[in-house]
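Reader: I'd like a close look at one part of this model, the sheet and whatever packs on it or ties into it. Could you walk me through that in one go?

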Amino acid sequence: MANIQYYDVILSPVVTEKSMSLMADRQYTFYVHPDANKTMIKQAVEKMFEGTKVEKVNTMNIPGKKKRRGVVVGKTAARKKAIVKLTSDSADIEIFSGL
């Protein structure tokens, strides 16, 4: 396993209609490093965002889609997505507050 630091775990937030509706339940969605596990994701969120306490982490592996351009057939990159649920006494994540 690669030596992954906490700042390398979270790659970007996911901004979709479904992820925005989950924010009402204090659940935030991120694309994460493919080798990161649930405990690494929990520690990264708690270190990167002050005052947050993670209750639960759900992860899913998203396989790449087949794409075709003329005769050439290829595949997009596979990703890993994490849905992080915060506790009720936790602070909100600020990057989602302006959306």
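**The sheet and its surroundings**

Author: Let's start with the overall layout, keeping in mind that this is a predicted model. The chain's secondary structure comes to three helices and six strands. Read from the N terminus, the elements go α-β-α-β-α-β-β-β-β. If you boxed up the C-alpha atoms along the principal axes, you'd need roughly 55 × 35 × 20 Å. The chain has 99 residues, and 31% of them count as buried. Now take the contacts with a separation of 6 or more: 63% of those are between residues 24 or more positions apart.

On to the sheet. Four strands make up an open sheet in the order β1-β2-β6-β3, and the pairing is antiparallel. At the edges sit β1 (10–13) and β3 (54–62), each of which pairs on one side only. From one strand to the next, the twist averages 30°.

Let's zoom in on β2, which covers residues 27–32. On one side, β2 pairs with β1 in the antiparallel sense, over three bridges. Two of the facing pairs are easy to pick out on screen: Ser 12 stands opposite Tyr 31, and Pro 13 stands opposite Phe 30. The pairing of β2 with β6 is antiparallel as well, over six bridges. Look there for Val 32, whose bridge partner in β6 is Lys 80. As for solvent, β2 is mostly covered, with five of its six residues buried.

What lies across these strands? Helix α3, residues 38–48, lies across β1, β2, β3 and β6 (79–86). If you care about the geometry, α3 runs at about 125° to β3.

That brings us to the nonpolar core. In soluble globular proteins, nonpolar side chains tend to be buried together. Here, the largest such core has 18 residues. The ones with the most contacts inside this core are Val 9, Ile 10, Phe 30, Ile 41, Val 45, Val 84 and Ile 93. At least two core residues come from each of β2, α3, β3 and β6. Helix α3 gives the largest share, four residues. Phe 30 is worth a second glance: this residue is among those with the most contacts in the core, and Phe 30 is also the β2 residue that stands opposite Pro 13.

Now for a polar side chain that's tucked away. Ser 19 belongs to helix α2, residues 17–22. Ser 19 has a relative accessible area of 5%, so this residue is buried, given that the cut-off is under 20%. What does the side chain of Ser 19 reach at 2.9 Å? The backbone nitrogen of Thr 16. Leaving aside residues up to four places away in sequence, Ser 19 touches Val 14, Gln 27 and Thr 29. Gln 27 and Thr 29 fall within the 27–32 range of β2, so you can find these contacts of Ser 19 by following that strand. Next up is Arg 26, in the loop between α2 and β2. Most residues other than glycine have a negative phi. Arg 26 has a positive phi of about 60°, although it is not a glycine.

Arg 26 also takes part in one of the salt bridges, and the count for those comes to two. The partner of Arg 26 is Asp 92, with the closest N and O atoms 2.8 Å apart. Asp 92 lies in the segment after β6 and Arg 26 in the loop between α2 and β2, so the pair ties together parts that are 66 residues apart in sequence. At 43% relative accessibility, Asp 92 counts as partly exposed.

In the other salt bridge, the side chains of Lys 53 and Asp 89 meet at 3.6 Å, N to O. Lys 53 is in the loop between α3 and β3, while Asp 89 is in the segment after β6, so this pair links parts 36 residues apart in sequence. How accessible are the two partners, Lys 53 and Asp 89? Lys 53 counts as partly exposed at 44% relative accessibility, whereas Asp 89, at 54%, counts as exposed.

Notes
Residues are numbered from 1 along each chain as its sequence is written. This is a predicted model: local features need pLDDT of at least 70, side-chain atom pairs count only at pLDDT 80 or more; totals for chains, interfaces and linings use all residues. Side-chain values use heavy atoms; hydrogens and water are left out. Two strands pair if DSSP finds at least two bridges between them. Axes are lines fitted to C-alpha atoms, for helices over the stretch in contact, and angles run from 0 to 180 degrees between N-to-C directions. Contact means heavy atoms within 4.5 Å. A nonpolar core is a set of buried Ala, Val, Leu, Ile, Met, Phe, Trp, Tyr and Cys residues joined through side-chain atoms within 4.5 Å. Buried means under 20% relative accessible area, exposed over 50%, partly exposed in between (1.4 Å probe, protein chains only). A polar contact is a pair of N or O atoms within 3.5 Å; within protein, one must be able to donate a hydrogen and the other to accept it, and residues adjacent in sequence count only if both atoms are side-chain atoms. A salt bridge is a side-chain nitrogen of Lys or Arg within 4 Å of a carboxyl oxygen of Asp or Glu.
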